[in-house]
Amino acid sequence: METSTNSIPSAAAVRCRRKINEIIVHCTATRAGRDYSVRDVRRWHLQRGFSDIGYHYLVRLDGSVEPGRPLDRPGAHCLAHNRCSIGVCYVGGLDQAGAPCDTRTSAQRYALIGLLSALKTLYPQATIHGHRDFAAKVCPCFDATAEYASL
C-alpha cells in the first residue's frame, strides 16, 4: 500500500481485510522540533527486533502523512490490541528537556484529524484511543480519546 506523503489516504488505498475495532494514536517520544520519517522509525523498530515499523501511519511535523506497515498486517504498537487495530503515530511527544508534552504542530493537528476522519469513514465501528488508554504510558501525551470523540 502506497500513498503520497502529503495526502490523506483514499478508501481504495487503505481498505484492508482485517477487522478493525480500534484506531490507536501514539507519539514517537522524540523532542519537539526534531522531525523523523517512516524510514527513521522503521530503523529504530528493526533495531528493537520488530519485523517492520510498528505503526501503520506516521504524521510528520509538516503534517505530511507517511504510510508505514501495510494495513493488511497487524501492527506492533499496542500489546493485546494489534490484531484488530490501526496504529497512527505523530512525531514528537517530548519537550526540549525530554519531558512528556503535547508537541503537535498545527499541521500535525490538522493532518491527524484528516487521517483519523478518513479511517473512521472506512471503519465506522472503530473507536479512537490513545496508547495510554491501554498501557502504563503517557503516550501520546494528550487525551486522544476525548479529543477525537466526535469523529
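Here are two short exercises on this predicted model, each with a worked solution.

Residues are numbered from 1 along each chain as its sequence is written. Local features need pLDDT of at least 70 and side-chain atom pairs count only at pLDDT 80 or more, while totals for chains, interfaces and linings use all residues, and side-chain values use heavy atoms, leaving out hydrogens and water.

**Exercise 1.** Find where Asp 52 lies, and decide whether Asp 52 counts as buried or exposed.

*Solution.*
- Start with the location: Asp 52 is in the loop between helix 2 (38-47) and strand 3 (57-59). Helices (H or I, at least four residues) and strands (E, at least two) are DSSP runs, numbered from the N terminus.
- Next, check the accessibility. Asp 52 counts as buried because its relative accessibility is 10%; buried means under 20% relative accessible area, exposed over 50%, and partly exposed in between (1.4 Å probe, protein chains only).
- Now look at the neighbours. Leaving aside residues up to four places away in sequence, Asp 52 touches Arg 42, His 45, Leu 46, Arg 69, Pro 70 and Arg 73 (contact means heavy atoms within 4.5 Å).

**Exercise 2.** Work out what surrounds strand 5 (residues 85-90).

*Solution.*
- Begin with burial: six of the six residues of strand 5 are buried, so the strand is largely enclosed by the rest of the structure.
- Then take each side in turn. Ser 85, Gly 87 and Cys 89 are buried on one side, and Ile 86, Val 88 and Tyr 90 on the other.
- Finally, find the partners. Strand 1 (residues 22-27) runs parallel to strand 5, joined by six bridges, and Ile 23 has Ile 86 as its bridge partner. Strand 3 also runs parallel to strand 5, with three bridges; here Leu 58 stands opposite Cys 89. Two strands pair if DSSP finds at least two bridges between them.
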